[in-house]
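Please open the model in your viewer and keep the selection tool at hand. The tour below goes from one selection to the next and says what is there at each stop.

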Amino acid sequence: MVELARESCSSYIKPLPLSVERETYEWRAALQCFHAVGHAVMYARKNDVMQSINDCDGMPYDWMQELCSYGAFMEY
């Protein structure tokens, strides 16, 4: 599923340091992109929460994992 994120959110596959202003367009777009990936992962995994969370844990950065998991749990 990391491929899904790379394809969908390629502009944001990078660390976003805590010093980044969280109200910038880039920050909000990155958050929403990985949150949406979490929804898509749940759909692709037929609502298997544990598999979806494992997929989200494969994202390269902690903030991506967190947002992906958040989207997956919302879908649940």
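Select Asp-55 to begin: in this predicted model, its relative accessibility is 11%, and Asp-55 therefore counts as buried, the cut-off for that class being under 20% relative accessible area. Asp-55 belongs to helix 3, which covers residues 49–57.

Keep Asp-55 displayed and add Arg-45, whose side chain makes a polar contact with the side chain of Asp-55 at 2.7 Å. Side chains of opposite charge can pair when their charged atoms come close. Here the closest N and O atoms of Arg-45 and Asp-55 are 2.7 Å apart, and the two residues form a salt bridge, for which the rule asks that the nitrogen lie within 4 Å of the carboxyl oxygen. The count of salt bridges under this rule comes to one. Arg-45 sits in the loop between helix 2 (25–44) and helix 3, whereas Asp-55 is in helix 3 itself, so the pair ties together parts that are ten residues apart in sequence. Is Arg-45 buried, exposed or partly exposed? With a relative accessibility of 32%, Arg-45 counts as partly exposed, while its partner Asp-55 is buried.

Now clear the selection and turn to the aromatic rings, of which the structure holds two pairs. A pair of aromatic rings is described by the distance of the centres and the angle of the planes.

Select Trp-27 and Trp-63 for one of these pairs: the ring centres are 6.0 Å apart and the planes stand at 35°, so the pair is classed as tilted. Trp-27 is found in helix 2 and Trp-63 in helix 4 (residues 62–75), so this pair ties together parts that are 36 residues apart in sequence. If you colour by accessibility, Trp-27 counts as buried at 6% relative accessibility, and Trp-63 counts as buried at 12%.

Leave Trp-63 selected and add Phe-34, where the ring centres of Phe-34 and Trp-63 are 5.3 Å apart and the planes lie at 80°, so the pair is edge-to-face, a label that applies to angles over 60 degrees. Phe-34 lies in helix 2 and Trp-63 in helix 4, so the pair ties together parts that are 29 residues apart in sequence. Both Phe-34 and Trp-63 are buried.

For the last stop, show Trp-27, Phe-34 and Trp-63 together. Which residues form one aromatic cluster? The cluster is made up of Trp-27, Phe-34 and Trp-63.

Methods:
Residues numbered from 1 in each chain as written. Predicted model: local features only at pLDDT ≥ 70, side-chain atom pairs only at ≥ 80, totals over all residues. Heavy atoms only, no water. Salt bridge = Lys/Arg side-chain N within 4 Å of Asp/Glu carboxyl O. Helix = DSSP H or I, 4+ residues; strand = E, 2+ residues; numbered from the N terminus. Buried < 20%, exposed > 50% of the residue type's maximum accessible area, 1.4 Å probe, protein only. Phe/Tyr/Trp six-rings, centres within 6.5 Å; stacked < 30°, edge-to-face > 60°. Polar contact = N/O pair within 3.5 Å; in protein donor to acceptor, adjacent residues only side chain to side chain.
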